[in-house]
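Colleague: Mind if I quiz you on the labels you put on this model? I'd like to hear the reasoning behind each one.

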Amino acid sequence: MLCMKPTLNLRQVEAFYSVMQTGTVVGAARLMNITQPAVSRAIALLELRIGYQLFERRGRRLVPTPNGEALYREVESVYGSLDRIAQASQDIRYQRAGALRIATMPAPAQGLVPRAIARLVASRPGVSVFVQSMPSRQVAEVVSTRQFDIGVVEMPLSRPSIAIEPLDPAPTMAIIPAGHRLAVRRRIALKDLAGERLVLLSQHSFLRYKIDDALSKQGVEFQVAAETPNSLVACALVAAGIGIAIVSRWTAESFLGPRVVVRPMTEKLTSETAIIFPEPGVRLPLAESFAQELRREVRQSLTAG
């Protein structure tokens, strides 16, 4: 004998679930915001479709039959899943849950970005964050193609499909081997670097362009001891005693320790960074919140220092 599965109407299933929840047709009607006859009709049609009785009437209450109890257990699991989905949707709306993907150039990844993330998740324990460090051009690539929700890059940078929002400029710092003669100075001027061995950023860095231009204008002659595109590597080379480097404050603060000293520069040389978002399209609210926390962290750090 071939048995055909009944085609169920979701409104009828909802009426059944509501009666099971409240115990009466009156309660189900209030819960569903429909009339009592509409609830009774929906239950009757559902029983007709499935081929068995769901309730017995005892006074004003409806008592489920054994088949009704069995069906309710199945329906309850579905509605429980819907409740969890509804809760998740609200958690995402109010940023109590969700995932955020951040791409950042290496220097801020050592301190600035983690501190901003800590601010973000302090009030959002259900949020997970994925962070990856990479060169600025690669950050722009993965953000423009929406592989990441937000990025932190060195300026200047130009690329289609991203929105650029500059952060407050950070001063540059001289990072010096602890035993060097200049380590006793409270500030370092460019002229102090005459004849020194310098660890420089690569020619592709805009900060390197600023440093070269400033040294050239002052007629400072120096020796290039090493070059690297990564400012963190430059600091590591300084810690090994290779020479002196000029880097952004965000880089220098990660290398404070017994092997190096960090000193402010007399000349106003700044490192320019920015937040980038994919564009066009709606931004992830969590990314916007992270950007706010990062801006706040930058301003507080610059004010404190």
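Colleague: Let's start with a proline: where does P280 lie?

Modeller: P280 sits in the loop between β13 (273–278) and α11. Keep in mind that this is a predicted model.

Colleague: What makes the peptide bond that joins E279 and P280 cis?

Modeller: Its omega: the value for the bond between E279 and P280 is about 5°. Another cis peptide bond runs from M155 to P156, with omega near 0°. P156 is in the loop between β5 (150–154) and β6 (162–166).

Colleague: OK, on to helix packing. Why are α6 and α11 called oblique to each other?

Modeller: Helix α6 (residues 112–122) and helix α11 (residues 285–304) pack at about 120°. The roughly perpendicular range is 65 to 115 degrees, and roughly antiparallel starts over 145. An angle of about 120° falls in neither range, so α6 and α11 count as oblique. Their axes are 8 Å apart, and the crossing is right-handed.

Colleague: Which residues make that contact between α6 and α11?

Modeller: On the α6 side they are L112, V113, R115, A116, I117, R119 and L120. From α11 you get L286, S289, F290, E293, L294, R296, E297, V298, Q300 and S301. By class, the contact of α6 with α11 has nine nonpolar, three polar and five charged residues.

Colleague: And why are α2 and α3 described as roughly perpendicular?

Modeller: The axes of α2 (25–32) and α3 (36–50) cross at roughly 105°. The roughly perpendicular range is 65 to 115 degrees, so the α2 and α3 pair gets that label. The axes come within 8 Å. V25, V26, A28 and A29 in α2 meet Q36, V39 and S40 in α3. That contact of α2 with α3 divides into five nonpolar, two polar and no charged residues.

Colleague: What makes N33 worth a flag, as far as phi goes?

Modeller: Phi of N33 is near 60°, which is positive, and N33 is a residue other than glycine. You'll find N33 in the loop between α2 and α3.

Colleague: What about α1 and α2: why are they oblique to each other?

Modeller: Helix α1 (residues 10–22) packs against α2 at an angle of about 120°. Roughly perpendicular stops at 115 degrees and roughly antiparallel needs over 145, so α1 and α2 end up as oblique. Their axes are 8 Å apart, and this crossing is right-handed. From α1 the contact uses R11, E14, A15, S18, V19 and T22, and from α2 it uses G27, A28, L31 and M32. In the contact of α1 with α2, five residues are nonpolar, three polar and two charged.

Colleague: Now the empty space. How many cavities of 30 Å³ or more does a search of the whole structure find?

Modeller: One. The largest cavity has a volume of about 30 Å³.

Colleague: What makes that space a cavity, whereas other space is called a pocket?

Modeller: In a cavity a 1.4 Å probe fits but cannot get out, while a pocket is an open set. The largest cavity is lined by E154, M155, F206, L207, K210, T270, S271 and E272. Helix α8 gives the largest share of that lining, three residues, and both α8 and β12 (270–271) supply at least two. By class, the lining of the largest cavity has three nonpolar, two polar and three charged residues.

Colleague: And how much space lies in the largest pocket?

Modeller: About 650 Å³. There are 28 residues lining the largest pocket, and M105, S136, E154, S205 and P229 are the closest to its centre. Elements that each supply at least two lining residues are α5 (106–109), α7 (136–144), α8 (206–217) and α10 (249–252).

Colleague: How do the residues of the lining of the largest pocket split by class?

Modeller: The lining of the largest pocket has 14 nonpolar, eleven polar and three charged residues. E154 is one of the charged ones, since Glu counts as charged.

Note on methods:
Residues numbered from 1 in each chain as written. Predicted model: local features only at pLDDT ≥ 70, side-chain atom pairs only at ≥ 80, totals over all residues. Heavy atoms only, no water. Axes fitted to C-alpha atoms, helices over the stretch in contact; angles between N-to-C directions. Helix = DSSP H or I, 4+ residues; strand = E, 2+ residues; numbered from the N terminus. Left-handed = near helix turned anticlockwise from the far one by under 90°. Contact = heavy atoms within 4.5 Å. 1 Å grid on protein atoms, 1.4 Å probe; cavity = no way out; pocket = protein on both sides within 12 Å on 5 of 7 lines; lining within 4 Å. Points joined across faces, edges and corners; volume = space filled by probe spheres on them. Parallel < 35°, antiparallel > 145°, perpendicular 65-115°, else oblique.
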